[in-house]
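Student: Please take a close look at the surroundings of the ligand with me. What lies around it, and where does it sit?

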Amino acid sequence: MITLWLVIGTVVMLAATLYFIFLGFTSAPQGSRHFYFITALITLIAFVAYLSMSTGQGVIEASGEAPLYQARYIDWLFTTPLLLLDLALLALAAPRRRINLIAALIGLDVLMILIGWWAGATASGAKYVLWFISLAAMVALLYLILTQLFTVSTERPDSVRYIFRTLSIYTVVLWALYPVVWLLGAEGIGTFGLGWEVFLFLVLDILSKVGFGFLLLTNRPALEAIGSGGAQARPSRVQ
Ligand code: RET
């Protein structure tokens, strides 16, 4: 069963990547193409990770312990910053002026994944301390999205602000479920087994990457507004 879930992940991520690239070439409004490529890169990385896990290569089997899916953490290490980049580029009219905010978001995110990875590789009870530190980084990061990014997004046109806020709430809810699955699953206290864990991470990964990308890239009004606003905000633009 586990292999089946991983193969499904591989196929879904590949299909989504091809679809997002196709959309990027055929129907991206001018000035918004970068969103298509960032989002396709997210599913492409996940495709490679799922492919390696389904062929048994991205996994470390330690005797007497649940296998550690290293590829999962490598995937998250790169894809979560890219998801945050999508959100930040939606919220910010002039991203260069808020580079500190973007760095803080990505810094907390990388910390969250690396400490979570370390927790996953730890056999002793110390893993729960690491889990908690990783969780604290996640809470700080989600808080920054809901406060700072929300505030700056008020400067964006209505359609852009709307999709930014929808995707932010969507992200906050889905991301908050990852530590729960981890804690209850095979890596944590083991309320459910590895099969369920792999399945639930698959569902979360599909929603937070493919669902996210689909909602963003099929929203033409918002992408057109971004394109016409220009990558460099023009002073004459009515805010
Ligand atoms: C871990 C365990 C340690 C505590 C926390 C975690 C959070 C992981 C998250 C992952 C998000 C992944 C996404 C992937 C796909 O796009 C590492 C599970 C807080 C939030 C969104």
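Tutor: In this predicted model, the ligand is surrounded by 16 residues, and the closest of them are Leu 83, Ser 134, Trp 175, Tyr 178 and Lys 209. Taken alone, the ligand would expose 530 Å², and the protein buries 100% of that area. As for its location, the ligand sits in the largest cavity. The shell around the ligand draws at least two residues from each of five helices, namely helix H3 (70-91), helix H4 (99-120), helix H5 (126-152), helix H6 (158-184) and helix H7 (194-217). By residue type, this shell divides into ten nonpolar residues, four polar ones and two charged ones. One polar approach can be described in detail: an oxygen atom of the ligand is 3.2 Å from an N or O atom in the side chain of Lys 209, and with a cut-off of 3.5 Å for a pair of N or O atoms, this pair therefore counts as a polar contact. Lys 209 is also one of the closest residues named at the outset.

Notes: Residues are numbered from 1 along each chain as its sequence is written. This is a predicted model: local features need pLDDT of at least 70, side-chain atom pairs count only at pLDDT 80 or more; totals for chains, interfaces and linings use all residues. Side-chain values use heavy atoms; hydrogens and water are left out. A residue is near a molecule or strand if one of its heavy atoms lies within 4 Å of it. A polar contact is a pair of N or O atoms within 3.5 Å; within protein, one must be able to donate a hydrogen and the other to accept it, and residues adjacent in sequence count only if both atoms are side-chain atoms. Accessible areas come from the Shrake-Rupley method with a 1.4 Å probe; for residues, only the protein chains shown count as cover. On a 1 Å grid over the protein atoms alone, a cavity is a set of points where a 1.4 Å probe fits but cannot get out, and a pocket is an open set with protein on both sides within 12 Å along at least five of seven lines; lining residues have an atom within 4 Å of a point. A molecule sits in a cavity or pocket if more than half of its atoms lie within 2 Å of its grid points. Helices (H or I, at least four residues) and strands (E, at least two) are DSSP runs, numbered from the N terminus. Ala, Val, Leu, Ile, Met, Phe, Trp, Tyr, Cys and Pro count as nonpolar, Asp, Glu, Lys and Arg as charged, and the others, Gly among them, as polar.
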